[in-house]
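Dear colleague,

Please find below the sequence and the structure that I am handing over to you. A short account of what was found follows, arranged by topic.

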Amino acid sequence: MKRLNRIITVFCAAILLFTACTTQKSYMIEVPVPEREPGQTDVVGLVTEKLETVRVGFIGLGMRGPGAVERFTYIPGTEVVALCDIVPERVEACQEILRRRNLPEAAAYSGSEDAWKALCERDDIDLVYIVTDWKNHAQMGVYAMEHGKHVAIEVPAAMTMDEIWALINTAEKTRKHCMQLENCVYDFFELTTLNMAQQGLFGEVLHVEGSYIHNLEDFWPYYYNNWRMDYNRTHRGDVYPTHGMGPACQLLDIHRGDRMKYLVAMDTKAVNGPAYIERTTGEKVTDFKNGDHTLTLIRTEKEKTIHIQHNVMTPRPYSRMYQLTGTDGFANKYPVQQYCLRPTQVAADEVPDHENLNAHGAVSKEVREALMLKYKHPIHQELEEIAKKVGGHGGMDFIMDYRLVYCLQNGLPLDMDVYDLAEWCCLPELTALSIENNSAPVAIPDFTRGAWNKIQGYRHAFAE
Ligand SMILES: NC(=O)c1ccc[n+]([C@@H]2O[C@H](COP(=O)([O-])OP(=O)(O)OC[C@H]3O[C@@H](n4cnc5c(N)ncnc54)[C@H](O)[C@@H]3O)[C@@H](O)[C@H]2O)c1
């Protein structure tokens with residue numbers, strides 16, 4: 001009897017321990033995922049009718065917007081039809097760009113908070129290009145799609161989960177493209193390295209890193225109505241993650257065979273943000289939320305990891321980190337560009353100075369340059385020259401706009417879809433949730449609602 005009691009006790013303890021372990025293991029904060037309405041389907045690989053001419057309306061012509069207007073004047077098969085900004089002088093400044101390029105003036109919308117609605121309601125526009133502050137992005141995108149337009153929205157295109165789901169649901173219902181204007185995925189190092197990764201040079205990509213580390217001290221006074229500092233003051237978490245997330249997610253084929261499962265985040269205290277406000281306004285600040293430095297770790301379904309950082313407050317050299325660790329190699333962009341490969345991976349006839357390869361260090365500058373030439377992406381082969389001439393962050397902004405127009409003209413899936421937008425923009429809300437709960441894991445929803453494995457491998461589309 002005693003023996004039986006002991007066996008029962010041990011058995012119960014084992015069950016309790018097992019339950020405790022499994023409960024512990026599965027602890028995760030979950031956010032709601034709205035059900036897809038009946039009849040609504042996903043837009044993975046969405047193609048729309050070819051557009052011979054892409055007629056564009058721009059909303060938001062502050063520091064960033066005019067550059068976009070100018071770039072479009074260099075893209076064949078486009079028309080700048082309408083321009084909108086609350087501030088009339090900003091619209092006029094962009095009309096001047098059109099005049100300088102010998103193009104007709106565009107219809108002007110200005111003077112009120114919702115003048116942009118009339119632009120979206122026009123029937124001679126195919127694409128609404130949104131470059132306002134973050135809080136306006138999603139509502140403008142939704143309204144434009146509801147009025148039959150494709151939309152392109154600056155980064156981050158959405159700041160909350162509600163905004164993300166509104167954009168997804170509207171894109172799925174209207175069957176319109178909704179692209180986030182993430183330019184860094186077209187940068188020369190990033191796109192070349194993606195090409196190398198896609199051709200297997202680094203083996204299986206296991207870990208990627210990215211960031212937005214940029215001291216914005218010189219820029220704070222120029223944001224319209226102080227929107228950006230205000231946002232940082234009132235929000236914790238990584239509020240500007242897409243420059244790091246974009247290249248990282250493309251390397252990992254996110255929603256093209258893998259998906260992000262959960263994240264954990266942590267931040268430092270806020271020091272330089274409140275100090276800046278106190279220094280420039282005399283206001284004593286006690287409610288500043290955004291930490292000077294924010295870190296996020298993400299794990300994927302296929303057991304890969306992503307590390308993202310945000311710091312716009314401290315004096316550091318600009319960095320998007322951009323780093324890749326594969327089973328057979330390594331790439332790094334900041335502070336110095338580096339590739340590290342096994343000696344056997346670089347054939348003697350492919351690169352000069354084969355003897356210099358060292359598996360424990362980066363390849364030489366000559367080998368790196370030869371590799372970058374050999375693996376130059378077809379998009380860069382076609383566009384590098386004009387992109388560098390037109391400019392925009394060294395050319396990547398022009399390539400982004402050109403690819404958007406090219407895909408619309410050729411009826412191809414865009415390089416970035418609404419689910420990329422969602423995945424790269426979920427960090428602001430989900431990292432805040434993690435941080436406010438002692439860095440607890442937060443589940444990342446499957447924004448495709450079941451379609452993340454439909455396409456295998458991220459690829460850019462090209463016309464036949
Ligand atoms: N991808 C990049 O490299 C990059 C670089 C800089 C900025 N950005 C993004 O571009 C966007 C704009 O940034 P910015 O630096 O130009 O800011 P900004 O404050 O200089 O410009 C915002 C403009 O939007 C206008 N605006 C605000 N509300 C409006 C409304 N209701 N209707 C019409 N116009 C309205 C303002 O008048 C202002 O001219 C932001 O989302 C930012 O994150 C991206």
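I begin with the pairing of strands. Strand β7 (residues 205–213) and strand β11 (residues 323–326) run antiparallel and are joined by 4 bridges. Across this pairing, His207 stands opposite Thr325 in β11, and Glu209 stands opposite Gln323 in β11. Please bear in mind that the model is predicted.

Strand β11 also pairs with strand β12 (residues 329–332), in the antiparallel sense and over 3 bridges. Here Gln323 of β11 stands opposite Asn332 in β12. The two strands β11 and β12 form a hairpin, with 2 residues between them.

These strands belong to an open sheet of 8 strands, whose order is β13-β12-β11-β7-β10-β9-β8-β14 and whose pairing is mixed. The edges are held by β13 (338–341) and β14 (442–443); each has a single partner strand, so one side of each is left without a neighbour in the sheet. A helix also lies across part of the sheet: α15 (residues 427–435) crosses β8 (260–267), β9 (294–300), β10 (305–311) and β14, and runs at about 60 degrees to β8.

I turn next to the packing of helices. Two packed helices are described by the angle between their axes and the distance between the axes.

Helix α14 (residues 418–425) takes part in a contact with helix α9 (residues 242–251), where the axes come within 9 Å and cross at roughly 125 degrees. With that angle, α9 is oblique to α14. The crossing in which α9 passes α14 is right-handed. On the α9 side the residues are Thr242, Met245, Gly246 and Cys249, and they meet Asp420, Glu423, Trp424 and Cys425 in α14. By class, this contact of α9 with α14 comprises 4 nonpolar, 2 polar and 2 charged residues.

Helix α14 also packs with helix α6 (residues 161–174), at an angle of about 175 degrees and with the axes 10 Å apart. The helices α6 and α14 are therefore roughly antiparallel to each other. In this contact, Ile164, Leu167, Ile168 and Ala171 of α6 meet Val418, Leu421, Ala422 and Cys425 of α14. The contact of α6 with α14 has 8 nonpolar residues, with no polar and no charged ones. Cys425 of α14 is thus named in the contact with α9 and in the contact with α6.

A further pair is formed by helix α2 (residues 65–72) and helix α13 (residues 396–410), which pack at an angle of about 60 degrees with their axes 10 Å apart. This angle makes α2 oblique to α13, and the crossing of α2 and α13 is right-handed. From α2 the contact draws on Gly67, Ala68, Arg71 and Phe72, and from α13 on Asp397, Phe398 and Asp401. The residues of this contact of α2 with α13 divide into 3 nonpolar, 1 polar and 3 charged.

The surroundings of the ligand come next. There are 25 residues around the ligand, of which Gly60, Gly62, Met63, Arg64 and Tyr224 come nearest. The elements that contribute two or more residues to this shell are β2 (78–85) and α5 (134–146). Sorted by class, the shell around the ligand contains 12 nonpolar, 7 polar and 6 charged residues.

Finally, some points of backbone geometry deserve your attention. Most residues other than glycine have a negative phi, and most peptide bonds are trans. Against that background, which peptide bond has an omega near -20 degrees? The bond in question runs from Val155 to Pro156 and is cis; Pro156 lies in the loop between β5 (150–153) and α6. The peptide bond from Tyr334 to Pro335 is also cis, with omega near -5 degrees, and Pro335 is placed in the loop between β12 and β13. Lastly, Arg175 is not a glycine and yet has a positive phi of about 60 degrees. Arg175 is found in the loop between α6 and β6 (178–180).

With kind regards

How values were computed: Residues are numbered from 1 along each chain as its sequence is written. This is a predicted model: local features need pLDDT of at least 70, side-chain atom pairs count only at pLDDT 80 or more; totals for chains, interfaces and linings use all residues. Axes are lines fitted to C-alpha atoms, for helices over the stretch in contact, and angles run from 0 to 180 degrees between N-to-C directions. Angles under 35 degrees count as roughly parallel, over 145 as roughly antiparallel, 65 to 115 as roughly perpendicular and the rest as oblique. A crossing is left-handed if the near helix is turned anticlockwise from the far one by less than a right angle, and right-handed if clockwise. Two residues are in contact if their C-beta atoms, placed from the backbone, lie within 7 Å. Ala, Val, Leu, Ile, Met, Phe, Trp, Tyr, Cys and Pro count as nonpolar, Asp, Glu, Lys and Arg as charged, and the others, Gly among them, as polar. Two strands pair if DSSP finds at least two bridges between them. A residue is near a molecule or strand if its C-beta atom, placed from the backbone, lies within 6 Å of it.
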